[in-house]
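Biologist: I should like to learn how the features of a structural model are read. Could we proceed from the general idea to the particular case each time?

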Amino acid sequence: MDYMRLGASGLKVSRVCLGMMSYGDPAKQEWALPEERAKPIVRRAVEAGVTFFDTADIYSDGQSEVVTGNLLRELFPRREDYVLATKVYFPMGRGRNDRGLSRKHILAAIDDSLRRLGTDYVDLYQIHRWDDETPIEETMEALHDVVKAGKVRYLGASSMWAWQFAKAQRVAGEHGWTRFTSMQPHYNLLYREEEREMLPLCADQGVGVIPWSPLARGVLARAGTAETTTRTGSDPRIDYLYEADNDRLVLDRVAQVARERDLPAAQIALAWVMAQPGITAPIVGATRDGHVDDAVAAVGVSLSEKELAFLAEPYRPREVRF
């Protein structure tokens, strides 16, 4: 396993981040694994050197945080040995203030997340989306306050427009508040719209990039096969985010390079993401041992410039999808 600094910060993270959305309550999301089934998979990642783990309060209505906290406390001897990330924004109750990025919700949400995770602090606290109903000044000051309270070490953001991210960073800088250390965008071989503005912005500002869905919710991992999974038929966002006809040429090329290299398609697709400038650690979900093995092996896969260009060439611009 390789390790990198997260952006311009001093925080060191593993080159692979294990996405914990796959673990929680199957009653909430059909393809989620309960704790007892998740444990051997997370253990395999830990033994392979993964030290970076990403979840969110909304995943399985909080149950993912519970499972994440339980497993990491058991699998690591010290809290300082791993980097724990979670997120805030989406509704966590029926109340009008149980959502968004208001001061009221952020201060309540971080305490709820810490309780579910069973820890005193989160290494990386991320805003899951932009909140049009809350002034960004209110959000950034509240986030700064949770950092100063010792409940959060670093701040991050997830999918939004580049101008919104730039505005948030400017507001924080003007007031002496904590700026975002990382950006978690949607980015993979089938979705590259972030290359227009967000990725160059992050590179310019020294912000670490930790892409979500680097395997396009498993679509890229199944390139060249007719395999289906529980998630294939139960995750409506697959059809929302990706377009079968438009993606076919890219998938065919992933399958071709995989055959030529005698490697799984997942390793090829992940290696391509890791080879892109500014990428710190793709967030990879795993519901079986092989998923972990492919993610870890991809760190050591070096694609040639010709292969990188071959894989990228068929891409066509598409509608922005958060």
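The dialogue below takes up strands, cores, a helix face, salt bridges and one buried histidine.

Modeller: Please bear in mind throughout that this is a predicted model.

Biologist: Let us begin with the strands. Which residues of β5 are buried on one side and which on the other?

Modeller: In a regular strand, side chains alternate between the two faces of the sheet. In β5, V83, A85 and K87 are buried on one side, and L84, T86 and V88 are buried on the other, which leaves both faces covered. Six of the six residues of this strand (83–88) are buried, so β5 is largely enclosed by the rest of the structure.

Biologist: Which strands pair with β5, and in what sense?

Modeller: β4 and β5 run parallel and are joined by three bridges; F52 stands opposite V83. β5 also pairs with β6 (residues 122–127) in the parallel sense, over four bridges, and there T86 has Y125 as its bridge partner. As for the connections, β4, α2 and β5 form a right-handed β-α-β unit. A right-handed β-α-β unit is likewise made by β5, helix α3 (residues 103–117) and β6.

Biologist: How many residues does the largest nonpolar core have, and which of them have the most contacts inside it?

Modeller: In soluble globular proteins, nonpolar side chains tend to be buried together. Here the largest nonpolar core has 94 residues, and Y23, V42, F53, Y125 and F165 have the most contacts inside it. Helix α10 (residues 265–274) gives the most to this core, contributing nine residues. Another core lies apart from it, with eleven residues that include L6, L11, V83 and A281. To follow one residue of the 94-residue core, consider F165: beyond its sequence neighbours within four places, its contacts include A157, F180, M198 and V207.

Biologist: How does one read the buried side of a helix, and where do the buried residues of α11 fall?

Modeller: An α-helix has 3.6 residues a turn, so residues three or four places apart point the same way. In α11 (residues 289–298), V292, D294, A295 and A298 are buried. Viewed down the helix axis, the buried residues of α11 fall within an arc of 165°, so they line one face. They pack against α1 (35–47), α10 and β10 (283–285).

Biologist: How many salt bridges does the structure hold, and what does the pair D61 and K28 tie together?

Modeller: Side chains of opposite charge can pair when their charged atoms come close. The structure holds 18 salt bridges. In one of them, D61 and K28 meet at 3.4 Å, N to O. D61 is in the loop between β4 (52–54) and α2 (63–75), and K28 in the loop between β3 (17–19) and α1, so the pair ties together parts that are 33 residues apart in sequence. D61 is partly exposed, at 47% relative accessibility.

Biologist: Where do R170 and E174 lie?

Modeller: Both are in helix α5 (residues 162–175), four residues apart, about one turn of the helix. Their salt bridge has its closest N and O atoms 3.0 Å apart. R170 is partly exposed at 42%, whereas E174 is exposed at 54%.

Biologist: Finally, is H144 buried or exposed, and with which residues is it in contact?

Modeller: The cut-off for a buried residue is under 20% relative accessible area; H144, at 12%, therefore counts as buried. H144 belongs to helix α4 (residues 136–148). Leaving aside neighbours within four places in sequence, H144 is in contact with L155, G176, W177 and T178. The C-alpha atoms of H144 and W177 are 5.6 Å apart, although the two are 33 residues apart along the chain.

How values were computed. Residues numbered from 1 in each chain as written. Predicted model: local features only at pLDDT ≥ 70, side-chain atom pairs only at ≥ 80, totals over all residues. Heavy atoms only, no water. Helix = DSSP H or I, 4+ residues; strand = E, 2+ residues; numbered from the N terminus. Buried < 20%, exposed > 50% of the residue type's maximum accessible area, 1.4 Å probe, protein only. Contact = heavy atoms within 4.5 Å. Core = buried A, V, L, I, M, F, W, Y, C linked by side-chain atoms within 4.5 Å. Arc of directions from axis to C-beta. Salt bridge = Lys/Arg side-chain N within 4 Å of Asp/Glu carboxyl O. Pairing = 2+ DSSP bridges. Right-handed = clockwise from strand over helix to strand, strands pointing away.
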